[in-house]
Amino acid sequence: MESLQVTRLLSCKSFIHTAKVGYNFRPVRQVRFGCLWKKTNKNDCLMIRSSFVNGGDREGGGGDGSDVGSPEGPAAVEDEREEKEPGFLLGAEKDGSGSVIGFHLIHPSDDEVVESIKDIASYGVEKSEDIEGEKKAQADVCYNVVFVTSEAAPYSKTGGLGDVCGSLPVALGARGHRVMVVSPRYLNGTAADKNFSNAKNLGSRIKIYCFGGEQEVAFFHEYREGVDWVFVDHPSYHRPGNPYGDSNGAFGDNQFRYALLCYAACEAPLVLPLGGFTYGEKCLFLVNDWHAGLVPVFLAAKYRPYGVYKDARSILVIHNLSHQGVEPATTYENLGLPTQWYGALEWVFPNWARAHALDTGEAVNVLKGAIVTADRILTVSKGYSWEITTIEGGYGLDELLSSRKSVLNGITNGIDVTEWDPSSDEHIASHYSADDLSGKVQCKIALQKELGLPVRPDCPLIGFIGRLDYQKGIDLIRSAMPEILQDDVQFVMLGSGDTQYENWMRAMEVIYRDKYRGWVGFNVPISHRITAGCDILLMPSRFEPCGLNQLYAMRYGTVPVVHATGGLRDTVENFNPYAQGGSGEGTGWTFSPLSKESMLIALRIATSTYREHKSSWEGLMRRGMEKDYTWENAAKQYEQVFKWAFVDPPYIS
């Protein structure tokens with residue numbers, strides 16, 4: 001086993017890399033797949049060019065690893081040499097599920113049958129069969145995809161961002177893409193640290209020069225469900241609290257912490273030989289929210305000017321525009337960016353938002369920089385992609401986003417249909433499906449018993465699950481609750497957040513003992529039981545980029561009543577009892593404007609339909625349960641945007 005010491009210095013004086021990696025053959029630090037191998041006619045094997053296998057000290061450099069992969073180095077060997085020198089065949093080693101876990105070299109004279117390693121190819125992948133011989137759903141064109149995110153379930157999660165970045169990579173990997181997720185290795189001294197227990201130290205470290213000093217980060221790695229999960233390790237990620245703050249508020253060094261993540265994510269495809277090969281320069285970065293927003297800026301300002309990542313693309317995914325990574329203008333010099341790039345991040349607050357008369361309002365806005373430099377922009381629903389171009393929903397970035405409408409799209413998030421499946425959910429009292437709804441009422445009875453409510457199967461049970469804050473419209477629920485509970489209904493709430501609302505929930509239990517229950521906090525099994533046991537889910541959010549609870553509710557035959565905004569408007573189809581020859585259409589009710597009166601009207605129509613029109617109600621339940629909100633469906637839509645991203649040249653200032 002040889003060991004290679006790799007050192008690379010970028011002319012933009014950003015980093016010095018030092019990484020030790022072990023190989024079964026003489027390795028190449030950074031070569032695109034097309035330069036390294038070619039396809040043969042023997043059992044869909046791939047052949048390593050002999051100039052790489054037999055030594056990097058050939059004419060053209062590479063003996064010390066310094067020039068490997070340059071246009072003048074071994075990557076430019078002519079085809080004539082390839083024909084004369086047989087090279088070696090590359091075979092794939094797979095685990096029991098058929099996922100590639102490593103590679104071995106086979107001399108062409110060997111008779112060993114080599115399995116195809118289509119899983120790691122960048123382009124032109126053909127549809128293939130799994131180990132049982134059944135056809136898998138494969139993408140027409142496959143890419144090397146690098147997710148950059150501040151959280152990814154099950155390793156770290158505070159909301160929908162963690163769900164997306166924990167599920168979408170798996171769906172894309174299953175469709176044939178080679179997928180890496182880069183996220184911090186958070187250690188907060190609790191049981192959550194066990195989430196990273198299977199991630200192994202790669203022994204690869206890089207040095208990053210920013211914030212007035214030298215920072216060293218390490219990489220940990222776990223291969224799971226066809227995805228390379230890469231965790232960036234640095235002391236700033238090791239502290240009590242959640243990823244962004246603690247009981248005292250947001251961490252004051254978040255700009256520093258996520259700048260490190262972005263630098264490390266840009267380097268990971270170049271220096272980490274995962275499964276024996278780096279991802280290389282021709283990859284697609286999916287950067288999520290402001291925490292990863294410096295990645296497209298770095299690509300444009302610190303890599304492409306020096307010939308690196310000239311074939312890469314970046315897609316910004318906006319999960320919540322209200323968080324933008326805004327810091328004082330003086331922090332720009334800490335980011336390690338050239339001075340001429342200040343305009344990409346420059347941000348000036350309007351007069352009314354300034355602290356005092358002498359405040360110039362100058363700042364840097366990381367999300368703005370990502371919007372400017374990303375090759376394409378996505379939001380997590382079609383409705384939200386329009387809302388962020390309006391004054392009301394743009395949070396000061398509406399004009400900039402409007403100027404980029406040609407590359408702005410929305411794709412509704414999927415849900416984990418394995419975890420959220422009423423026919424097999426381990427958390428609920430009785431299983432049921434769209435074909436047999438009988439178990440739904442048993443779940444309702446079990447929930448009423450568990451919460452100490454009167455057991456009344458025919459009484460409409462309304463639920464709310466979510467954060468107790470202004471965005472979720474909790475103030476609207478609070479003001480309307482006395483009028484809601486005047487009717488013959490029951491109401492259940494699960495959530496935590498603003499202390500005043502938590503205390504209000506506790507007080508409501510005392511006032512309405514037979515009609516109301518409030519669970520302060522968050523509990524996964526309880527959220528499943530509320531979703532299954534309620535008849536109606538209420539979501540009066542002021543804005544909702546996508547929303548997941550309404551998708552879970554429809555999956556469980558619980559009818560949503562939602563404010564017509566963002567992803568809620570996209571996913572909940574308003575009920576029309578007269579459509580389809582009187583059989584009806586729609587999956588719930590949407591209301592607008594956002595007011596107590598319009599919300600009460602929608603709720604009362606829903607409860608009267610539940611009581612008086614049972615057949616219509618069952619139609620609502622079944623149509624919701626039959627909707628396709630799988631990640632497989634979302635992944636197909638992402639693939640179309642991937643293709644569009646490579647149609648145009650990458651961003652260059």
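**Exercise 1. In what sense do strand S7 (residues 144-148) and S8 pair, and over how many bridges?**

Before we start: this is a predicted model, where local features need pLDDT of at least 70, side-chain atom pairs count only at pLDDT 80 or more, and totals for chains, interfaces and linings use all residues. Residues are numbered from 1 along each chain as its sequence is written, and side-chain values use heavy atoms, with hydrogens and water left out.

Solution.
- Step 1: get the vocabulary straight. Helices (H or I, at least four residues) and strands (E, at least two) are DSSP runs, numbered from the N terminus. Two strands pair if DSSP finds at least two bridges between them.
- Step 2: read off the pairing. S7 and S8 are parallel, with five bridges.
- Step 3: pick a landmark. Val148 sits opposite Val182 in S8.

**Exercise 2. Work out how covered strand S8 (residues 178-184) is, and which way its residues point.**

Solution.
- Step 1: set the cut-offs. Buried means under 20% relative accessible area, exposed over 50%, and partly exposed in between (1.4 Å probe, protein chains only).
- Step 2: count. Seven of the seven residues in S8 are buried, so the strand is mostly covered.
- Step 3: recall the usual pattern. In a regular strand, side chains alternate between the two faces of the sheet.
- Step 4: sort the residues. Arg178, Met180, Val182 and Pro184 point one way from S8, while Val179, Val181 and Ser183 point the other way. Both sets are buried.

**Exercise 3. Lay out the six-strand sheet and find its edges.**

Solution.
- Step 1: write the order. The open sheet runs S23-S22-S21-S24-S25-S26, with parallel pairing.
- Step 2: find the ends. Strand S23 (516-520) and strand S26 (589-591) each have a single partner strand, so one side of each has no neighbour in the sheet.
- Step 3: add the twist, which averages 15° from one strand to the next. Angles here run from 0 to 180 degrees between N-to-C directions, and axes are lines fitted to C-alpha atoms, for helices over the stretch in contact.
- Step 4: zoom in on one pair. Strand S21 (residues 461-465) and strand S22 (residues 490-495) are parallel and joined by five bridges, and Gly463 has Val492 in S22 as its bridge partner.
- Step 5: put on the helices. Helix H13 (residues 499-511) packs on the sheet, touching S22 and S23, and its direction makes about 145° with that of S23. Contact means heavy atoms within 4.5 Å. Helix H18 (residues 614-625) lies across strand S24 (536-539), strand S25 (559-563) and S26, at about 80° to S25.

**Exercise 4. Do the same for the three-strand sheet.**

Solution.
- Step 1: the order is S16-S18-S17, an open sheet with antiparallel pairing.
- Step 2: strand S16 (326-328) and strand S17 (346-348) are at the edges, each with a single partner strand, so one side of each lacks a neighbour in the sheet.
- Step 3: the twist here averages 45° from one strand to the next.
- Step 4: three bridges link S16 to strand S18 (residues 362-365) in the antiparallel sense. Glu327 is matched with Val364 in S18.
- Step 5: helix H8 (residues 366-373) lies across S17 and S18 and runs at about 55° to S18.

**Exercise 5. Classify the crossing of helix H5 (residues 254-271) with helix H6 (residues 294-303).**

Solution.
- Step 1: the axes come within 9 Å and cross at roughly 60°.
- Step 2: that makes H5 oblique to H6. Angles under 35 degrees count as roughly parallel, over 145 as roughly antiparallel, 65 to 115 as roughly perpendicular and the rest as oblique.
- Step 3: the crossing is right-handed. Right-handed means that the near helix is turned clockwise from the far one by less than a right angle, left-handed that it is turned anticlockwise.
- Step 4: the H5 side of the contact includes Ala259, Cys262 and Tyr263, and the H6 side includes Leu294, Val295 and Phe298.

**Exercise 6. Place Lys636 and say how accessible it is.**

Solution.
- Step 1: Lys636 belongs to helix H19 (residues 631-645).
- Step 2: with a relative accessible area of 43%, Lys636 is partly exposed.
- Step 3: the C-alpha atoms of Lys636 and Leu172 are 8.4 Å apart, although 464 residues separate the two along the chain.
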